[in-house]
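Subject: Structure for your review

Dear colleague,

Please find below the structure I would like to hand over to you. My findings on it are set out underneath.

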Amino acid sequence: MHETEALLSDRCDTAEQDFRFNRIGSAEQVLSMTSKQQERVTTMFGSEYDIRNAHEGLGTCGWILVVLSHIICLLTFPFSLCVTVKVVQEYERAVIMRLGRILSGGAKGPGLFFVLPCVDSIIKVDLRTITFDVPPQEILTRDSVTVSVDAVVYFRIFNPIISVTNVENARYSTQLLAATTLRNILGTKTLQEILCERENISRLMQVHLDEGTDPWGVKVERVEIKDVRLPVSMQRSMAAEAEAAREARAKIIAAEGEQKASRSLKEAGDVISENPVALQLRYLQTLTHISAEKNSTIVFPIPVELLKLMKSRSDVRKTTGL
């Protein structure tokens, strides 16, 4: 009995140990698989997105060339400093490629740094704001009017790595895109909208250019429309239209003035007709005003009543024969 119980206890202990070992082994397998998956994901994303890995894929030949370049620099020291030492200004960044691959750390600068001859190639990128003029573009507006429009664009490079790797010439590409965007946007506007809504059109162009140049590492800061040139015949038509509108407004204003003056004269006549003495006082006031100007000739108005009196006397004399 004791031997049987001992055997059973030993078997139970062995089974528990095996179960524990199996659990530990499965856990280790899970951890190893997880770590491998993480490494695989890290490797996948690293190879896809980290284009600035320093020594990835150099290979044996690449390492041999790098070592030879170091040996050449040591043998030709200090003359090799003229080739290996580079200076980047405060407003610049240097993109260094070693055997065609961008070095880790991104763009270098500003300051002093070291490059290997025959292995490293350096590209300097200016980070200052750059300005260029968009050539005059012949545009047909929505209301079938041909106009010539030019503009000015302000942009800068915010990511030197992308501006080197994603586009051959960031400045030239931005110029071509600006000219195309100017034609496309103004082609949907009427002549009146182009002349009156320059700020809105400039803002819309900036948004479109910024979206198009963002994959190139370029930031469009400002777009301004400089001039809108119309055909000579259109300028004459618009000038004639504006002149006719001004003349019409002038005639309307003059007619309104005559109407107001006639109303005032009518009211004055009504007031004077209430008392005949008022007319005589107006005569005297006019004479006083004329004499104050020191004129050599004075026109004296004769009252109408006096003319009537003289006419009635002449009629009486003719009838009486006197």
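The notes below concern one sheet and several salt bridges.

Please bear in mind throughout that this is a predicted model.

The sheet

Three strands make up an open sheet, in the order β3-β2-β5, and their pairing is antiparallel. The edge positions are taken by β3 (101-102) and β5 (120-126); each has a single partner strand, so one side of each lacks a neighbour in the sheet. The contact between β2, which covers residues 92-98, and β5 is an antiparallel pairing over seven bridges. Within that pairing, E92 has D126 of β5 as its bridge partner. As general background, strands of a sheet pair through backbone hydrogen bonds, in either a parallel or an antiparallel sense.

The salt bridges

Side chains of opposite charge can pair when their charged atoms come close. How many salt bridges does a search of the whole structure find? The search returns 10, and I describe some of these below.

The pair D133 and K226 forms a salt bridge in which the closest N and O atoms are 3.8 Å apart. This pair connects distant parts of the chain, since D133 lies in strand β6 (residues 130-140) and K226 in strand β8 (residues 218-229), with the two positions 93 residues apart in numbering terms, that is, 93 residues apart. K226 has a relative accessibility of 42% and therefore counts as partly exposed.

A salt bridge also joins the side chains of D227 and R229, at 3.6 Å from N to O. Both residues fall between the limits of 20% and 50% that bound the partly exposed class: D227 has a relative accessibility of 29%, and R229 one of 38%. D227 and R229 are, moreover, linked with D150 in a network of salt bridges.

In the salt bridge between K266 and D270, the closest N and O atoms are 3.4 Å apart. Where do K266 and D270 stand with respect to each other in helix α8? They are four residues apart in this helix (residues 232-273), so about one helical turn separates them. K266 is exposed, with a relative accessible area of 57%, whereas D270, with 39%, is partly exposed.

I should be grateful if you would examine these points in the structure itself.

With kind regards

Methods: Residues numbered from 1 in each chain as written. Predicted model: local features only at pLDDT ≥ 70, side-chain atom pairs only at ≥ 80, totals over all residues. Heavy atoms only, no water. Pairing = 2+ DSSP bridges. Salt bridge = Lys/Arg side-chain N within 4 Å of Asp/Glu carboxyl O. Buried < 20%, exposed > 50% of the residue type's maximum accessible area, 1.4 Å probe, protein only.
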